[in-house]
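Colleague: I would like to go through this model with you, one feature at a time. Please give the reasoning before each value or name.

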Amino acid sequence: MAFELPKLAYAYDALEPTIDAKTMEIHHTKHHQAYVDNLNNAIAGTDLEGKSLEEIQKTGTDKAAVRNNGGGHYNHSLFWELLTPGGSKEPVGNVKAEIEKIGGFETFKEDFSNAAKTRFGSGWAWLVKNTDGSVTVTSTPNQDNPLMPVADVQGTPILGLDVWEHAYYLNYQNRRPDYVSAFFDVINWDKVEELYNK
C-alpha cells in the first residue's frame with residue numbers, strides 16, 4: 001500500500017504567529033507531498049515496498065531517492081505531531097526527568113537551539129531516546145534522522161525541528177535563530193512524552 005500525506009490535527013493558521021499559515025500550507029501540501037510521491041516511486045517494485053516507514057529508516061539504503069524521500073516523509077510526519085497551538089511550555093513525566101539529568105530544561109533549550117542554529121545548510125535538530133532510556137540532543141543533515149544507520153548519534157527521535165529554509169523563510173527570512181527560539185512556543189510536550197513511553 002502506498003504511503004499517503006498525513007492530515008494535520010490543526011488548521012494551517014493555528015500556529016500563528018510562530019509559524020504562519022502560508023508556510024504551513026506550502027510545507028505540508030507541496031514539500032511533504034513531494035517526499036511522499038517520490039518515496040512511493042522510489043520503492044515501487046523493490047523489497048522495500050510494503051515495509052513500514054520506520055523499517056525503511058532503520059534498514060538504511062544506498063539509494064539516495066529512498067534515503068532522502070523516506071527521511072523527508074518520516075521526519076515531517078513526526079514534526080507535525082510535535083506541534084500544537086499554544087504549546088505546552090515544558091516537558092512532562094519521564095522526559096522531564098531525563099532532561100533534568102542532562103542539566104535541566106534551560107540547558108536542554110540551549111543545547112537543542114545550538115544544534116538547530118549551527119546545523120550547516122539544511123537539516124534537523126533532535127532530542128533522541130537512547131536504548132538505556134537516557135536522552136541526547138543531536139542534529140542530522142538534509143532529511144537524515146537518528147533511526148538511520150548513517151546517523152552520528154542513533155536513537156529514537158522524540159522531538160525534532162526542521163531547519164530547512166522552506167520551514168521558516170517566508171516569515172523569518174534568514175533569521176533562523178528567531179525561528180528556533182519561537183519553536184519552543186508550539187511544542188507538544190505531551191506528544192514527546194507519549195513517544196518516549198512508547
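The exchange below takes up helix contacts, the sheet and some backbone angles in what is a predicted model.

Colleague: At what angle do the axes of helix 1 and helix 3 cross?
Modeller: Helix 1 covers residues 21–43 and helix 3 covers residues 64–81. Their axes come within 8 Å. The crossing is left-handed, and the angle is roughly 140°.

Colleague: Which term describes how helix 1 and helix 3 lie to each other?
Modeller: An angle must be over 145 degrees to count as roughly antiparallel. The axes of helix 1 and helix 3 cross at roughly 140°. The two helices are therefore oblique.

Colleague: How many nonpolar, polar and charged residues are in the contact of helix 1 with helix 3?
Modeller: On the helix 1 side the contact includes Met24, His28, Tyr35 and Leu39. On the helix 3 side, Val66, Asn69, His73 and Trp80 are among the residues met. By class, the contact has 11 nonpolar, 11 polar and no charged residues.

Colleague: What is the handedness of the crossing of helix 5 and helix 7?
Modeller: Helix 5 spans 105–117, and helix 7 spans 176–183. Their axes come within 10 Å and cross at roughly 145°. The crossing is right-handed.

Colleague: How many residues of the contact of helix 5 with helix 7 are charged?
Modeller: Helix 5 contributes Phe112, Ser113, Ala116 and Lys117, and helix 7 contributes Arg176, Pro177, Val180 and Phe183. Lys and Arg count as charged. The contact divides into 5 nonpolar and 1 polar, and the number of charged residues is 2.

Colleague: Which strands stand at the edges of the open sheet?
Modeller: The sheet has 3 strands in the order 2-1-3, paired antiparallel. An edge strand here has a single partner, so one side of it is left without a neighbour in the sheet. The edge strands are strand 2 and strand 3.

Colleague: How many bridges join strand 1 to strand 2?
Modeller: Strand 1 is 123–129 and strand 2 is 135–141. The two run antiparallel, and Val128 stands opposite Thr136. The number of bridges joining them is 7.

Colleague: At what angle does helix 8 run to strand 3?
Modeller: Helix 8, residues 189–197, has Trp189, Val192, Leu195 and Tyr196 among its buried residues. The buried residues pack against strand 1, strand 2 and strand 3, and also against helix 3, helix 4 and helix 5. Helix 8 lies across the three strands, and its angle to strand 3 is about 150°.

Colleague: Where is the residue Asn142, and is it buried or partly exposed?
Modeller: Asn142 has a positive phi, near 55°, although it is not glycine. It sits in the loop between strand 2 and strand 3. Its relative accessible area is 41%, so Asn142 is partly exposed.

Colleague: What is the relative accessibility of Gln173?
Modeller: Most residues other than glycine have a negative phi. Gln173 has a positive phi of about 50° and lies in the loop between helix 6 and helix 7. Gln173 counts as partly exposed, with a relative accessibility of 32%.

Colleague: What is omega for the peptide bond from Glu16 to Pro17?
Modeller: Pro17 lies in the segment before helix 1. The bond from Glu16 to Pro17 is cis, whereas most peptide bonds are trans. Its omega is near 5°.

Technical notes. Residues numbered from 1 in each chain as written. Predicted model: local features only at pLDDT ≥ 70, side-chain atom pairs only at ≥ 80, totals over all residues. Heavy atoms only, no water. Axes fitted to C-alpha atoms, helices over the stretch in contact; angles between N-to-C directions. Helix = DSSP H or I, 4+ residues; strand = E, 2+ residues; numbered from the N terminus. Parallel < 35°, antiparallel > 145°, perpendicular 65-115°, else oblique. Left-handed = near helix turned anticlockwise from the far one by under 90°. Contact = heavy atoms within 4.5 Å. Buried < 20%, exposed > 50% of the residue type's maximum accessible area, 1.4 Å probe, protein only. Pairing = 2+ DSSP bridges.
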